[in-house]
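Here are a few short exercises on a two-chain complex. Try each one with the structure open, then check the worked solution.

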Amino acid sequence: MSVAIETFDLSKTFAPLVRQLMRRKPTVALDGVTLKIPQGSVFGLLGPNGAGKTTFIKLLCGLILPTHGTARVAGLDVTYESSMLHARVGLVTSDERSFYWRLTARQNLEFFATLYNLKGRARCERVKELLAHVGLSADADRRFSDFSSGMKQRLAVARGLLHDPDILFLDEPTKGLDPLATQRVHGLIQDLVRRGKTVVMATQQLHEAEDLCHRVAFFRQGHVMAEGAPAELAARFVDAECYTLRVSNLGESALAELTAAFSSLQVAPHGDGSHTFTLPVAPGGDDLSRVLNQIVASGGAVCDVDRVRLELEDLFTRIIQA
Amino acid sequence: MKVLAFLWRDWLIESGYHLSFFLRWFGILFNVFVYYFLGRLMDTAVAPALAPYGGSYFAFALVGIALNGYFSLGLSTFSSNLRQAQMTGTLEAMLMTPTRLSTFVIGSSLWDYVFTTLNVLVYLVVGALLGADVLRGNFTSALVVLVLSVITFSAVGLFAASVILVTKRGDPVTWVFNAVLTLLGGVFYPVEILPGYLQRIAAFLPVTYALRGMRLALLKGYSLAALRREVTILAVFAMVLAPLSLWAFRFALDLARREGSLAQY
């Protein structure tokens, strides 16, 4: 697979003139990031606030210049070819302020479409097509100020796609959105990848990254701590998966036998006589099927089984510890 | 054309604020009447100083405040539009498009220039209806003086925008020029009534020649040949300040991109 984005030793130190004059310490936002992002994939940038994800995106979009190192996006150097780069990449942020609130969705898109060199009929058609694509046709002539957060975010995606970019950068695209709105944005991202586009997405949500991203990179204090496919990283850094089971009709003796057979099993009783079990399972282990078999053999009924998803912080802590 | 998209955007936004839109026009009419009555009071009192400009304070002040609109605009429009885009968060979205920052800066100020031109026309037409002899001058000379003045003041405004790009707030360039403009520029009174040492300072200001040239063109009908001193000095200001301000703006832009503060406020 060919490479859409390639960075080498990319670094950014913020040292404003005023700060230098006051002899204040500069802020290292990104430090020696070397990455290759394959074309036609979704690449996730993960990490806590201030890890350098947004700085990385802004550097790749040519909005800020690197202190040292190089980055090529769609084959273009971000430092020297930023104007050509802007015709090939799109940026979607969660900042609602980046639109004109007194203008309608259509007027906003038409203005930005002109800045992307779209003219006349082609511009109107493209705006119409994108409004339909993000499900905002019926609201096209409503003011942006009347939009919900989810609608604003979908309009931001539409704006990012006006010039049909090869690469789309999304900075926390589902921040503050309800599950339905999140789902719609996820659908739009999946559709882009089906059309061969490359998507680079910064997010705080590991489950979002797991659902959407082919590969992810963990950022911490400007460094890339780990990079790979989400499952690959989980296998590398997580020594056990965790499951919860909701079980009813299990007698006292059967419960005692079960806890004796599986020492890592934790039991939480409920008032209605049912129990919730928490079971850590080593990768490749068969503890889950053995526990399920024993419950069923003892006459118990398994009402629910759920894999506990690791939160970003959990996996992140493990990566740091590793 | 991209700059026209900015003009259309600003028209849509401005006309969306109905009350503010109409109040601005009413404000212009009230201003004209204030200077009309002031003129009736002052004509005889300051007649000797007004003699070179036709003797009417109303006509003198009308041309002054009309042109002052362009001066103030040139000084502040670039920096205020840039600052507003930083504040509203639209600057970054625009910088993501293949649009040069200079196109954005010029495009964003276009509506202000159109609105100011309409203001000036209203000032002159209403003034003429009230008896000011402002529409029988030499319009070719007036246009040349106006173009050179706009270039000169826009160049100073671009310096101000450069400062805003780096410091975000507190633009000393506009502040100094506005203060000097009000005191020494001769917008509301002829420079000739100032003490000698202030007149010598005023001689170094482009506004002195812009206002004098415009008044002599509109109120006395001076030709370009008769205004060669004012036009030459304004042309020198324009030729020196325009490239310098473009260089300063480019330098500030590079600095802001290096610092990563372009869209910060």
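Two residues are in contact here if their C-beta atoms, placed from the backbone, lie within 7 Å. Keep in mind that this is a predicted model.

**Exercise 1.** Work out how many residues of chain B are in contact with chain A, and which helices supply them.

*Solution.* Step one: apply the cut-off, and 23 residues of chain B turn out to be in contact with 24 residues of chain A. Step two: sort the chain B side by element; α1 (2-16), α5 (90-95) and α11 (228-259) of chain B each bring at least two residues. The top contributor is α1(B), with six residues. Step three: split that side of chain B by class, which gives nine nonpolar, eight polar and six charged residues.

**Exercise 2.** Is helix α4 (residues 105-115) of chain A mostly covered or mostly open, and what do its buried residues pack against?

*Solution.* Start by counting: a residue is buried if 20 or more other C-beta atoms lie within 10 Å of its own. On that test, 10 of the 11 residues of α4(A) are buried, among them Leu109(A), Phe111(A) and Phe112(A). Next, look for their partners: α5 (120-133) and α6 (149-160) of chain A, plus α1 and α5 of chain B. Finally, step just past α4(A), where Asn117(A) has a positive phi of about 70 degrees.

**Exercise 3.** What confidence does the predictor give chain B and the complex?

*Solution.* Chain B first: its mean pLDDT is 83, with 95% of its residues at 70 or more. By element, helix α3 (residues 47-50) of chain B has the lowest mean, 72, and helix α10 (residues 206-220) of chain B the highest, 89. For the complex, ipTM is 0.79 and pTM is 0.78.

Technical notes
Residues numbered from 1 in each chain as written. Chains lettered and ligands numbered in written order. Predicted model: local features only at pLDDT ≥ 70, side-chain atom pairs only at ≥ 80, totals over all residues. Helix = DSSP H or I, 4+ residues; strand = E, 2+ residues; numbered from the N terminus. Nonpolar A, V, L, I, M, F, W, Y, C, P; charged D, E, K, R; others polar. pLDDT = per-residue confidence, 0-100. Buried ≥ 20, exposed ≤ 12 C-beta atoms within 10 Å, placed from the backbone.
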